Amino acid sequence: MYRSFRVWVSRSRWSRLHHHLLRSLVASPWRRRRRGRPPPAPAPAQRKRKRKEKHVEQPALSAPAAAEPTIPESWRTTLSREQQEWVGRALFTIDSRGKTSLTTDLNLWWDPPQPRPTFAQPPASPAAFFACRLFLWMPVRIWGVRPACAQPGCNRPFTKAGLYKTIRRVLDIDGWYLMATEYLECRRCQRKVAGWSQEVMEQLEPGHRCQFPALLTYQLSCDRRVISMLRERTRGNSATQLYKKLCEVHSETWMRRSTHYLSVMEPFLTSGVVRACTPPPSMPPVPQPGWLLTVYGHDILSRLEDVKARVTSIFGKVLKMDSTKKVTRKLAGAAAGTAAWVTNVGNEHGQVLMSVLTAGEGAGLLPMAAGIVRRYRDAGVEPPQLLYVDRDCCSSFGGSRAAAMFVEWEGLVVRLDIWHLMRRFASGVTTESHQLYKPFLQQLSSAIFTWHREDAARLLDAKKRALMAQGMSFPSDAGVWRRVSRKEMALHCRQRTRGAAETERLIADLLEIFGGDWGRDTMGIPLLDRDRIQAIWAEQKRHLRCIQDPPGVELYTETGRLTKGGISLPVYRCARGSTSLESFHLHLNLFIPGKLHI
């Protein structure tokens, strides 16, 4: 009986233990989570402590949100989260009523907070390393100016109307920056304009207007320092070349910032403080070359009056007029075929006074000539003394047609460009690839020009001394002259024309020599077409007096000096002829994109 009682007691204990385990399993969190039941409430003392802690922590969590300034809602779409924080702290304050208002201590440029020199904890994001500065353009709030409404019959001063809703991104040389402005409102017209609108900018003083750094387009904006790099439009300075340079500078700046951020994160990754590093943001792309050209066009239009003033303030004592077809052949679309010639007028310094498009060479140039004469008259400048042309220098039936266009300038002397005269003789050869073609043109130039004796003697002496310093000696001057290049002669020696009579005699002898047996190459092919060259000579003989240097007109200007062999040699610039305009036509043709339409 005792044994049975002990067995019954052990079985009852086991049943109670089993019942207790089942209740614990049913009440376990794992069981409740599987059944989807909520966890049990904590004990009353623990719940009371939790409520007390929550009641204590609640003011600490809500206080920063109430003390943090908020930026306009429209700015949030442009600014990142980190930029919103520092812009809000820098530009906005909270008054006693808890409202956010713009600070009164305004500046034009606002720099973002820079990353700390050392980091005890890993940065939350890489945004601090890639933040960009802000330009705040508020002429009314900063300087107190009062621009007026430009609507007809209004002229009421603008009043402040809050912040402009859009923040512009501006392309800089090494990155981007942001630009914001204010709204201005006319109470009478009920019209709002931005602070950087053209209507407001034109009413500002030059000292205030010059502080605006950018040129605005529809979406993006461009800093004026970038635009100024396009103003020197040479063959190596194009919009594509500028685009490549900007991409290189932007990439280098972005790489330095990425390297700084990754070097800060490296110790924390090595020590295991953080498992992964937030990658740096991607670099904003640089706009394409087409957009840069568009901005450059806007820049030209913005300073069009200044360009007109500079162009119309160019004068000269020696003018040159020349025409070309190369530029008009590139006209395409609706402009194709509307013009046949481009006529330019330049001066002795290589500057262009005027450029016009005409349907024919020489036709329709009277308004151009009248404009140039009026420019000289209005400026009170003495009229030019000499005019070089490529045609209409003289007439067998009367005076010069070119001089008739400038009838108010009675003392103007018209001369034919000598290079064009030589090209007319060159059209009488059988082929320009002839062996004697180059010697023929050299002798033709010698029949027209002669070197200044004093300049030639000074150059010969300097060249002889320079060669002797190099250990070279020559028994006669002929050996030294062979060492003098034509470039040195043109640089240090002046030329003058021989006179009409002497030039006529020398050219006649030259044509007789090259028109005979001496004018044949080794295969017996003549250089000159006898019938054609005689017709050209008969026609051009009357122009020999049109190529002579007029007395009393100085055609050479000393631009500097160069020492050679211990002798100081002058460096001259020649104003004779229209060669400078020919060079300008070449550059103008290369500047305009497109193909020739023949």
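Which strands form the open sheet of five strands, and in what order? In this predicted model, the order is E13-E12-E11-E14-E15, and the pairing is mixed. Select these five strands to begin the tour.

**The sheet as a whole**

Look at the two edges. E13 and E15 (413–416) each have a single partner strand, so each has one side without a neighbour in the sheet. Direction ignored, neighbouring strands are turned against each other by 20° on average.

**Strand E11**

Next, select residues 318–324, which make up E11. Seven of the seven residues in this strand are buried. Colour the two faces separately: Val-318, Lys-320, Asp-322 and Thr-324 lie on one side, and Leu-319, Met-321 and Ser-323 on the other. Both faces are covered, and the residues on each are all buried. Lys-320 and Asp-322 thus appear in the buried set along with Val-318 and Thr-324.

E11 has two pairings to inspect. With E14 (residues 386–389), the sense is parallel and there are four bridges. To find the register on this side, show Leu-319, which stands opposite Leu-387 in E14. With E12 (residues 341–346), E11 runs antiparallel, joined by five bridges. Two bridge pairs mark the register here: Lys-320 has Gly-346 of E12 as its partner, and Asp-322 has Asn-344 of E12.

**Strand E12 and the hairpin**

Move to E12, where six of six residues are buried. Trp-341, Thr-343 and Val-345 are on one face, while Val-342, Asn-344 and Gly-346 are on the other. Each of these faces is covered.

Then add residues 352–358, strand E13. E12 and E13 pair in the antiparallel sense over six bridges. One bridge to display is that between Trp-341 and Thr-358 in E13. The two strands form a hairpin with five residues between them. In the turn, select Gly-350 and check its backbone: phi is positive, at about 85°.

**Leu-386 in E14**

Go back across the sheet to Leu-386, which belongs to strand E14. Is Leu-386 buried or exposed? Leu-386 is buried, because its relative accessible area is 0%, and buried here means under 20%.

Show what surrounds Leu-386. Leaving aside neighbours within four places in sequence, its contacts include Lys-317, Val-318 and Leu-319. Leu-412, Val-413 and Arg-415 are also in contact with Leu-386, as are Pro-550, Val-553 and Leu-555. For a distance to check in the viewer, take the C-alpha atoms of Leu-386 and Lys-320: they are 8.4 Å apart, although 66 residues separate the two along the chain.

**The cavity**

For the last stop, leave the sheet residues and select Cys-222, Val-226, Ile-227, Leu-230, Leu-242, Leu-292, Val-295 and Tyr-296, which line the largest cavity. Two elements give two or more residues to this lining: helix H8 (224–228) and helix H10 (289–302). Which element gives the largest share of the lining? H10 does, with three residues.

How much space lies in the largest cavity? The volume is about 30 Å³, and the count of cavities of 30 Å³ or more comes to one. Colour the lining by residue class to finish: eight residues are nonpolar, with no polar and no charged residues.

Definitions and conventions
Residues are numbered from 1 along each chain as its sequence is written. This is a predicted model: local features need pLDDT of at least 70, side-chain atom pairs count only at pLDDT 80 or more; totals for chains, interfaces and linings use all residues. Side-chain values use heavy atoms; hydrogens and water are left out. Buried means under 20% relative accessible area, exposed over 50%, partly exposed in between (1.4 Å probe, protein chains only). Two strands pair if DSSP finds at least two bridges between them. On a 1 Å grid over the protein atoms alone, a cavity is a set of points where a 1.4 Å probe fits but cannot get out, and a pocket is an open set with protein on both sides within 12 Å along at least five of seven lines; lining residues have an atom within 4 Å of a point. Grid points are joined across faces, edges and corners, and a volume is the space filled by probe spheres set on the points. Ala, Val, Leu, Ile, Met, Phe, Trp, Tyr, Cys and Pro count as nonpolar, Asp, Glu, Lys and Arg as charged, and the others, Gly among them, as polar. Contact means heavy atoms within 4.5 Å. Axes are lines fitted to C-alpha atoms, for helices over the stretch in contact, and angles run from 0 to 180 degrees between N-to-C directions.
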